[in-house]
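Here is a short briefing to read alongside the sequence and the model. It goes through one topic at a time, so feel free to follow along in the viewer.

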Amino acid sequence: MIRIYNTLSKKKEDFIPLEEGKVRMYVCGPTVYNFIHIGNARPMIVFDTVRRYLEHKGYEVNFVSNFTDVDDKIIKKANEEGVSAEEISQRYIAECKKDMEGMNIKPATTHPLATQEIDGMIDMISELIDKGDAYAVNGTVYFRTRQFKDYGKLSHKNLDDLQAGNRSLLVSGEDEKEDPLDFVLWKPKKEGEPYWKSPWGDGRPGWHIECSVMSKKYLGEQIDIHGGGEDLIFPHHENEIAQSESCSGKEFARYWMHNAFLNIDNRKMSKSLGNFFTVREISEKYDLQVLRFFMLNAHYRSPLNFSAELMESSKNALERIQTAVNNLKFLAEHASVQEMTPEEAAKAEEAGKYEKAFDDSMDDDFNTADAIAAIFDLVKFANTTADEKSSKAYADTLREKIQGLCDIMGLITEKKEELLDADIEKLIEERQAARKAKNFARADEIRAELLEKGIILEDTREGVKWKRA
Ligand code: AMP
Ligand code: ZN
């Protein structure tokens, strides 16, 4: 039985999906106005791993994660560059997808874009107005927060404390609201901003409504798991609950999961503080598998401090697994015996205890840190029980077990030898330069190096052409 820490109850609860064998899961995605930073990568890696584990347990997972492609920050960036907001969001969605691929994050079942779902948002806002849960003033639509009796149930905040904290808003010009706690569902257009037509005038949606609408459209009124970083608990998720539950009259999400923050020098990593690394920057120094390992080596609900030392030790740890896998491959290829001996069969069965330890850890609120420890126990077991005398079947079985567990974590155990196009072009340029300088030894060396990696060069009159073997 999988147990999940639910932010709603502040307890670990047994996971029972709404529909047997199926999981409906929604994770708030990034606002796309720049390269994602490694803080943004944390929820991506965490919830991809949750998804992979649920799939390993046999669930069919419908995983929806949005891109917020309409937002003040996107508009600001577009104005700075003198291009459209769409150009900015499309560019960074493409870059984000590249980073996700590098981190071995599976594409979601659906990646909806806010700008493609405006009609659904207008419908939901209209429904809330009809029900008396929202009202329009001068082209802005607000949600009547106090009307929703359960407001504060996720963040465990009480309305009167919130009211006290919000009093300053009343004097800052927001007095068209009936109540300072009310939040925006639709805002009127401003000069130079993208806008859509609506019954309340031209404008654009507020941020919170987009997730309520997209999760309803792609997953239905009720979902099993809703995830995101812990900064989203209030107000974003609290507001999503208010909107969705006011509309449907049903519980929106059963389990609310939140990852803790990635810090740097023990301070929150954020774009506004300027103390962040992008995933792209990290990828110049490390295989992004190392970043994934680094994230999963901590529990998702514990704050994690980023440091060069921890990245180095993650790199070494990952290499230990890769070395063991390569070693087992070598042993299998060179084994003189094919079938397992009875002793080996017993050992192979014994190794199952590490798989069980792995599952037990993951069942316990996705304790990836303990699950990785179980992988290392299995690696150690393989290193001490498999050698040149082992059968092919034994070496293969152990390797498959290690790789099977790594796969659930989304960790790739085989080193990618594949060269990127840019690397190939760079080597070809270097070879041309070497030839020009009559350094034919180096030129031949480069050709041989490329050939070894499956790249065939062809010298033609038009220049050097290359293809993958
Ligand atoms: P944003 O683009 O700011 O809406 O963030 C996208 C996702 O990244 C949200 O789930 C945030 O909670 C999460 N996030 C942002 N910064 C961090 C951080 N430093 N550590 C962990 N999660 C973060
Ligand atoms: Zn959201």
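Where is the place of Phe-366? Look in the loop between H11 and helix H12 (368–385). Please keep in mind that this is a predicted model. The points below start with backbone details, then turn to domains, cavities and helix packing.

**Backbone details**

- Phe-366 is not a glycine, and yet its phi is positive, at about 55 degrees.
- The peptide bond that runs from Phe-234 to Pro-235 is cis, and its omega is near 0 degrees.
- Pro-235 has its place in helix H7.
- As background for both cases, most residues other than glycine have a negative phi, and most peptide bonds are trans.

**Domains**

- The domain assignment splits the chain into domain 1 (3–259), domain 2 (279–408) and domain 3 (421–468).
- Taken over C-alpha atoms, the centres of domain 1 and domain 3 are separated by 50 Å.

**The largest cavity**

- Searching the whole structure turns up 2 cavities of 30 Å³ or more.
- The largest cavity has a volume of about 60 Å³.
- Its lining is made up of Val-46, Thr-49, Val-50, Met-295, Leu-296, Ala-298, Tyr-300, Met-362, Phe-366 and Thr-368, so you meet Phe-366 again here, the residue with the positive phi.
- Domain 1 (3–259) and domain 2 (279–408) each contribute at least three residues to the lining of the largest cavity.
- Among the secondary-structure elements, helix H1 (38–56) and helix H9 (288–296) each provide at least two lining residues, and H1 has the largest share, with 3 residues.
- By class, the lining of the largest cavity holds 8 nonpolar residues, 2 polar ones and no charged ones.

**The second largest cavity**

- The second largest cavity encloses about 50 Å³ of space.
- Around the second largest cavity you will find Met-124, Ser-212, Lys-216, Glu-221, Ser-244, Cys-247, Ser-248 and Phe-252 as the lining.
- Helix H6 (207–219) and helix H7 (233–248) are the elements giving two or more residues to this lining.
- H7 gives the most, with 3 residues, and H7 is also the helix that holds Pro-235.
- The lining of the second largest cavity has 3 nonpolar, 3 polar and 2 charged residues.

**Packing of H11 and H13**

- Helix H11 (residues 342–363) packs against helix H13 (residues 392–408) at an angle of about 5 degrees, and their axes are 10 Å apart.
- Because of that angle, H11 is roughly parallel to H13.
- On the H11 side, the contact is made by Glu-344, Lys-347, Ala-348, Ala-351, Tyr-354, Glu-355 and Phe-358.
- On the H13 side, the contact uses Tyr-394, Thr-397, Leu-398, Lys-401, Leu-405 and Ile-408.
- The residues of the contact of H11 with H13 sort into 8 nonpolar, 1 polar and 4 charged.

**Packing of H9 and H10**

- H9 meets helix H10 (residues 308–334) at an angle of about 105 degrees, with 9 Å between their axes.
- Angles of 65 to 115 degrees count as roughly perpendicular, so H9 is roughly perpendicular to H10.
- From H9, the contact takes in Gln-289, Val-290, Leu-291, Phe-293 and Phe-294.
- From H10, the partners are Leu-310, Met-311, Ser-314, Lys-315, Ala-317, Leu-318 and Ile-321.
- The contact of H9 with H10 has 9 nonpolar, 2 polar and 1 charged residues.

Notes
Residues are numbered from 1 along each chain as its sequence is written. Chains are lettered from A and ligands numbered from 1 in the order in which they are written. This is a predicted model: local features need pLDDT of at least 70, side-chain atom pairs count only at pLDDT 80 or more; totals for chains, interfaces and linings use all residues. Side-chain values use heavy atoms; hydrogens and water are left out. On a 1 Å grid over the protein atoms alone, a cavity is a set of points where a 1.4 Å probe fits but cannot get out, and a pocket is an open set with protein on both sides within 12 Å along at least five of seven lines; lining residues have an atom within 4 Å of a point. Grid points are joined across faces, edges and corners, and a volume is the space filled by probe spheres set on the points. Helices (H or I, at least four residues) and strands (E, at least two) are DSSP runs, numbered from the N terminus. Ala, Val, Leu, Ile, Met, Phe, Trp, Tyr, Cys and Pro count as nonpolar, Asp, Glu, Lys and Arg as charged, and the others, Gly among them, as polar. Domain bounds come from an automatic or database domain assignment. Axes are lines fitted to C-alpha atoms, for helices over the stretch in contact, and angles run from 0 to 180 degrees between N-to-C directions. Angles under 35 degrees count as roughly parallel, over 145 as roughly antiparallel, 65 to 115 as roughly perpendicular and the rest as oblique. Contact means heavy atoms within 4.5 Å.
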